[in-house]
Amino acid sequence: MDKHLLYYKGSKRLIFIVGVLTVIQTIILIVQAHYLATAIVKMYEGVAWNAVLPLLGIFIVAFILRHFLQWVKEKWAYQFAEDTANHYQKALLKKLFALGPRMVGKEGTGNLVTLVMEGIPQFRTYLRLFIPRTIAMVCVPIILFIYVATIDLQSAIILAVVMPIMILFLILLGLAAQKQMDAQWETYQLLSRHFVDSLRGLVTLKYLGKSKSHQQSIETVSRKYRIATNRTLRVAFLSTFSLDFFASLSVAIVAVELGLRLINGHIVLMPALFILILAPEYFLPVRELGNDYHATMDGKEAGDQIQQILAMETMADDRDEAVIPPWTKDSILRMKDVGIESDEGISRLEELNIEVKGLQKIGIVGASGSGKSTFIDLLSGFLAPSNGEIAYHDQKLPHFSLDGWQKQLTYIPQHPHIFSGTIAENIRLYAPDSSMEKVKEAADKVGLTELVSRFPNGLEEKIGQGGRSLSGGEEQRVALARGLLQDRPIMLLDEPTAHLDIETEYELKQAMLPLMEEKLVFFATHRLHWMQDMDWIFVMENGKLVESGCYEELIQKEGAFSTLREARKGGEDR
């Protein structure tokens with residue numbers, strides 16, 4: 001039983017409705033069996049057809065009504081499963097965005113892609129099947145047992161003895177299948193991670209001439225998944241066969257017992273035939289639950305993983321959000337002794353003391369591992385401060401994941417993601433209602449016009465997966481156009497040109513600098529030539545802010561910035 005099941009919206013209502021319909025179905029089943037048995041007995045006794053036809057008519061009506069209620073149950077269950085799965089899919093995606101890229105990297109992109117793309121449909125199947133099957137397994141046998149006991153106690157005792165054996169067998173099969181299912185799920189996640197990594201690195205592998213040798217690795221992972229899947233299928237098929245066999249054997253036991261008593265004159269034909277018709281229906285819910293066990297358990301596992309991710313704490317979970325006014329030329333941001341520690345207790349930022357005023361461009365430089373990206377993650381709300389104080393004007397903030405701050409940010413990472421769609425759709429990613437005129441204007445300002453003019457469909461040209469591939473510089477221009485379309489007062493750039501060659505970077509620089517005017521910009525980079533265009537510079541070392549000032553001040557004193565320039569051998573021109 002899923003411990004979260006009763007907390008899903010509408011689940012209690014569904015359980016009540018399905019429970020009531022199942023009870024009504026079972027009563028109709030009894031009526032159906034009664035009139036069928038009566039009609040057969042009367043035909044056996046040679047009663048005229050006109051006397052039997054009304055009985056068969058009632059049987060047919062009951063049969064139709066029973067299956068109509070089954071359709072209603074399935075429709076209610078399907079709608080509940082659809083609504084719940086869609087809700088949790090949106091909640092999961094929202095949570096992943098709130099947790100940020102660091103968490104995604106920790107959990108593994110392949111795992112999360114598998115969970116969203118495959119786990120959600122499996123979760124939907126679990127919700128659609130599990131509640132009706134479970135309720136039927138509880139209600140139908142109990143009602144039928146009570147009714148049979150009123151007719152023939154000895155047959156009821158046999159039913160009561162055989163049912164626990166089937167349930168015990170179902171539990172044993174479940175335990176055996178669970179082990180195989182866990183192994184199969186782990187190999188599936190491994191295959192997913194391997195596929196995503198291979199897809200991302202395919203260009204690099206081809207460039208290094210390793211694409212063919214990578215086939216062996218793909219074959220090994222695929223073989224592991226195939227073996228695990230075959231083992232799971234073997235257990236599933238054997239368990240289904242065994243369950244059907246034991247169910248049939250149980251019905252046979254009841255039939256033999258009734259037959260012997262019928263021959264010896266201890267029971268008459270009518271109740272014996274009536275009980276024999278009900279016996280398969282008595283065991284049917286257990287068979288159905290067992291047959292659907294594997295499909296539902298995959299979904300239950302996916303649901304548990306979704307709940308674990310949703311239970312992760314984020315800074316955005318704070319409900320006492322501060323009211324943050326828009327950033328203007330008069331705004332002030334202060335940080336005092338702000339620090340960030342990793343889960344292992346290692347300091348990533350220490351004693352960060354800064355004061356930022358108005359609209360200006362702030363460069364953040366330092367060697368690899370100095371804390372530049374951590375600082376950007378702090379400002380973007382992906383990381384929470386472990387200590388220190390943050391003040392927006394005179395208002396203290398617990399972190400930067402507050403909605404009022406987030407809505408003012410434009411975040412441009414080193415590797416922006418290009419989604420499968422048109423250029424216009426990619427530019428509209430954060431502003432889907434923007435007009436085509438605004439999209440064209442944004443594309444023109446970031447230098448995409450020449451590229452777009454070469455495409456037959458212009459801005460409607462499909463890019464990303466299944467479309468045209470773009471170079472790194474072109475992808476960054478699309479990302480810049482996204483940010484420009486948002487028109488927000490604060491820009492965070494985390495080494496957006498680190499993977500570009502110098503010529504492409506200088507070309508992109510001419511498009512980027514005008515977009516930074518009249519904004520508060522935090523620009524983290526290891527290429528120092530950008531610093532000449534910054535209003536202020538932060539120099540980071542080992543998670544500490546060791547130096548700050550304007551470009552002219554820093555190059556005149558022999559400090560950390562000068563040391564960094566010397567290490568880069570004239571890095572301001574690189």
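How exposed is Arg-128? Arg-128 is partly exposed, with a relative accessible area of 33%. That residue opens our tour of a predicted model, and the legends below take the close-ups one at a time.

**View 1. Arg-128 on helix α4 meets a stretch of chain that comes well before it in sequence.** Arg-128 sits in helix α4, which covers residues 109-151. Its C-alpha atom is 7.4 Å from that of Phe-80, although the two positions lie 48 residues apart along the chain. Setting aside residues up to four places away in sequence, Arg-128 touches Ala-77, Tyr-78 and Ala-81. With a relative accessible area of 33%, Arg-128 falls between the buried and exposed classes, because buried means under 20% and exposed means over 50%.

**View 2. Two of the stretches that UniProt lists as "transmembrane region" are shown here.** The unreviewed UniProt entry gives this label to residues 14-35, 47-65, 130-150, 156-177, 233-256 and 262-284. Take residues 130-150 to begin with: the chain there is 100% helix and 0% strand, and the end C-alpha atoms are 31 Å apart. Residues 262-284 come to 78% helix and 0% strand, with 25 Å between the end C-alpha atoms.

**View 3. Helix α8 bends at Leu-284.** This helix runs over residues 269-291, 23 residues in total. From first C-alpha to last, α8 reaches 33 Å, close to the 33 Å expected at 1.5 Å a residue. Look for the bend of about 35° at Leu-284, where a proline, Pro-285, follows within four residues.

**View 4. Gln-408 is a buried loop residue with polar contacts to two backbone atoms.** You will find Gln-408 in the loop between α11 (403-406) and β6 (409-412). Its relative accessible area is 6%, so Gln-408 counts as buried under the 20% cut-off. A polar atom of the Gln-408 side chain lies 2.5 Å from the backbone nitrogen of Trp-327. The side chain also reaches the backbone oxygen of Gly-404, at 3.1 Å. Beyond four places in sequence, the residues that Gln-408 touches are Ile-324, Pro-325, Pro-326, Trp-327, Tyr-392, Arg-488, Pro-489 and Ile-490.

**View 5. Ile-427 belongs to the largest nonpolar core of the model.** This core has 44 residues, and those touching the most other members are Ile-427, Leu-448, Met-516, Ile-537 and Phe-561. Which helix gives the most to this core? That is α15, with 5 residues. Zooming in on Ile-427, and leaving aside neighbours within four places in sequence, we find contacts with Val-439, Ala-443, Leu-448, Val-478, Ala-481, Arg-482 and Leu-485.

**View 6. Helix α16 bends at Lys-509 and has a set of buried residues.** The helix takes in residues 502-515, 14 in number, and reaches 20 Å from its first C-alpha to its last, close to the 20 Å expected at 1.5 Å a residue. The bend at Lys-509 is about 30°. Lys-509 is also one of the buried residues of α16, alongside Glu-505, Leu-508, Ala-511, Met-512, Leu-513 and Leu-515. Among the elements covering these buried residues are α13 (436-445), α15 (472-486), β9 (490-494) and β10 (520-524).

**View 7. Asp-487 and Asn-542 are loop residues with positive phi values.** Asp-487 lies in the loop between α15 and β9, and its phi is near 55°, a positive value in a residue other than glycine. Is Asp-487 buried or exposed? Its relative accessible area is 59%, so Asp-487 is exposed. Asn-542 is placed in the loop between β11 and β12, with phi near 50°, again positive in a residue other than glycine. At 64% relative accessibility, Asn-542 counts as exposed.

**View 8. Helix α18 is covered by strands and a helix.** The buried residues of α18, a helix of residues 560-567, are Ala-560, Phe-561, Ser-562, Leu-564 and Arg-565. Covering them are, among others, β3 (361-366), β11 (536-541), β12 (544-549) and α17 (551-556). Phe-561 should look familiar, being one of the residues that touch the most other members of the largest nonpolar core.

**View 9. The whole chain, for orientation.** The protein chain holds 18 helices and 12 strands. Of its 574 residues, 48% are buried. Among contacts between residues at least 6 apart in sequence, 76% join residues at least 24 apart.

Note on methods: Residues are numbered from 1 along each chain as its sequence is written. This is a predicted model: local features need pLDDT of at least 70, side-chain atom pairs count only at pLDDT 80 or more; totals for chains, interfaces and linings use all residues. Side-chain values use heavy atoms; hydrogens and water are left out. Buried means under 20% relative accessible area, exposed over 50%, partly exposed in between (1.4 Å probe, protein chains only). Helices (H or I, at least four residues) and strands (E, at least two) are DSSP runs, numbered from the N terminus. Contact means heavy atoms within 4.5 Å. A polar contact is a pair of N or O atoms within 3.5 Å; within protein, one must be able to donate a hydrogen and the other to accept it, and residues adjacent in sequence count only if both atoms are side-chain atoms. The expected span of a helix is 1.5 Å times one less than its number of residues. The bend at a residue is the angle between axes fitted to the seven residues ending there and the seven starting there. A nonpolar core is a set of buried Ala, Val, Leu, Ile, Met, Phe, Trp, Tyr and Cys residues joined through side-chain atoms within 4.5 Å. UniProt positions are given in the numbering used here, feature names are shortened, and annotations may be inferred rather than shown by experiment.
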